[in-house]
Amino acid sequence: MAGGGSRAIAHLLEVPGASRTVLEACVPYSEPALIQWLGARPDQSCSEPTARAMAMAAYLRACRYHSGEWRAESGERRAETYRLSTLSSQLSTLDSEALALAGVACTASLASDRPKRGPHRAHVAIQTGAMTVSQSVELQKGRRSRAQEEAVVSGLVLNAVARACGLDERLETGLLDDEPLEAAEAVAPAPWQDLLAGRVEAVQQSGASLPADRSTGFQPVSLRSPRVVFPGAFHPIHVGHRRMAEIAEQRLGQPVEFEISILNVDKPPLDFLEIQRRSGQFSADQTLWLTRAATFEEKSRLFAGGTFVVGADTLRRIADPRYFGGDATACQRAIERIAARGCRFLVFGRQEEGRFVGLSDLDLPPQLRACCQEIPAGEFREDTSSTEMRRSQSP
């Protein structure tokens, strides 16, 4: 819970036997606490995507507890650092009881001791191994005290917990007629569930299809033949991405296949709603891979012999030891493995801090540079970025 809904925790723990259902309750209230919970700074602290990311982080923690990885030593939990993305590796070892695990989260902006310029709102999310659900509401300003708003939001959280537990009963939340609850949900097809759980490394689908089972829209995974792969978050896809794909197809004489990794080095995995939204940006005649390959070393293993379409900023990160825990040796070995698998990079320049940066501007190890081919600025220059687009669309 962040910003509201914490009263639900007290209600849950008041029930005898709560220890049989509640694994953990956390309130990452401050900005540093929320960043620590998510593993990265969110675009907005109080938003529907942030609530979903919080729920995914909670779900992964539940999976980790269930797996027994966090065992007590001398009566205390081991003090160790970890990245949230590594928690997903635990999912592949879970048994059928893990289907009962759920993460429920809430982020809210409610009445305070000073007037707020923005709306009073709340976002609640549920994450399980089979579905992602979110609910959002804007509360009418001035209609309630902080305590009354808190009661409404806590009711929403408790109803989310009831749904996650498969219960039909719901509490009266006290929402007014002019406070509609906006809901979204994605029940994951089996291949997406397998991907999140680590039972498969990749699934291939047409971007426009949202299959209900394994037989619709998903193709058998066959990754070894050389191909042109355009990895990215595509959050959202924009004209620059499309132009890069067009140039890559013209230059290499092969169709571009897009790839989105549901895992991120620093953040929780993409939830099913996010996978649905991002994959829905692609047309039925475009090939889209959903993978668990968070790094290019992992991508090179899946797409051996392939050519990756990348921006100069992405290529720089491949050669930066900071993305390998500061270990220069680990960075060099990853580059060696990428090269040994016959992978290459088609590099497009990017606008960075007021200047255009291309391949020739990067300080790269010779072995990585030898794998690269540059698209000159005269052939491609597009300053649009997904981050800027998201910020411009934020309320």
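Is Pro-321 buried, partly exposed or exposed? To answer this, select Pro-321 in the predicted model, in the loop that runs between helix 10 (312-318) and helix 11 (328-340). Pro-321 has a relative accessible area of 28%. Because buried means under 20% and exposed means over 50%, Pro-321 counts as partly exposed.

Next, display the surroundings of this proline. Leaving aside residues up to four places away in sequence, Pro-321 touches Gly-326, Asp-327, Ala-328 and Cys-331. A distance may then be drawn between the C-alpha atoms of Pro-321 and Cys-331: these residues are 10 positions apart along the chain, and the separation is 5.5 Å.

**Strand 12**

Now select residues 307-311, which form strand 12. Five of its five residues are buried, so this strand is largely enclosed by the rest of the structure. In a regular strand, side chains point alternately to the two faces of the sheet. In strand 12, Thr-307, Val-309 and Gly-311 lie on one side, while Phe-308 and Val-310 lie on the other; both faces are covered.

Add strand 9 (residues 228-231) to the selection. Strand 9 runs parallel to strand 12 and is joined to it by two bridges; Val-229 has Phe-308 as its bridge partner. Then add strand 13 (residues 344-348), which is also parallel to strand 12 and is linked to it by five bridges. Here the bridge partner of Val-309 is Leu-346.

**The second largest pocket**

Turn next to the second largest pocket, which holds about 860 Å³ of space. To find it, select Thr-21, Val-22, Leu-23, Glu-24 and Ala-102, the closest to its centre among the 34 residues of the lining. Colour helix 1 (7-13), helix 3 (48-67), strand 3 (103-109) and helix 5 (146-164), each of which gives two or more residues to that lining. Which element gives the most to the lining? Helix 3 does, with six residues. Colouring the lining by residue class shows 25 nonpolar, five polar and four charged residues.

**The whole chain**

Finally, zoom out to the full protein chain, which contains 13 helices and 16 strands. Of its 395 residues, 47% count as buried. Among contacts with a separation of 6 or more, 71% are between residues 24 or more positions apart. A surface display completes the tour: the accessible surface comes to about 19500 Å², and 49% of it belongs to carbon and sulfur atoms.

Notes. Residues are numbered from 1 along each chain as its sequence is written. This is a predicted model: local features need pLDDT of at least 70, side-chain atom pairs count only at pLDDT 80 or more; totals for chains, interfaces and linings use all residues. Side-chain values use heavy atoms; hydrogens and water are left out. On a 1 Å grid over the protein atoms alone, a cavity is a set of points where a 1.4 Å probe fits but cannot get out, and a pocket is an open set with protein on both sides within 12 Å along at least five of seven lines; lining residues have an atom within 4 Å of a point. Grid points are joined across faces, edges and corners, and a volume is the space filled by probe spheres set on the points. Helices (H or I, at least four residues) and strands (E, at least two) are DSSP runs, numbered from the N terminus. Ala, Val, Leu, Ile, Met, Phe, Trp, Tyr, Cys and Pro count as nonpolar, Asp, Glu, Lys and Arg as charged, and the others, Gly among them, as polar. Buried means under 20% relative accessible area, exposed over 50%, partly exposed in between (1.4 Å probe, protein chains only). Two strands pair if DSSP finds at least two bridges between them. Contact means heavy atoms within 4.5 Å. Accessible areas come from the Shrake-Rupley method with a 1.4 Å probe; for residues, only the protein chains shown count as cover.
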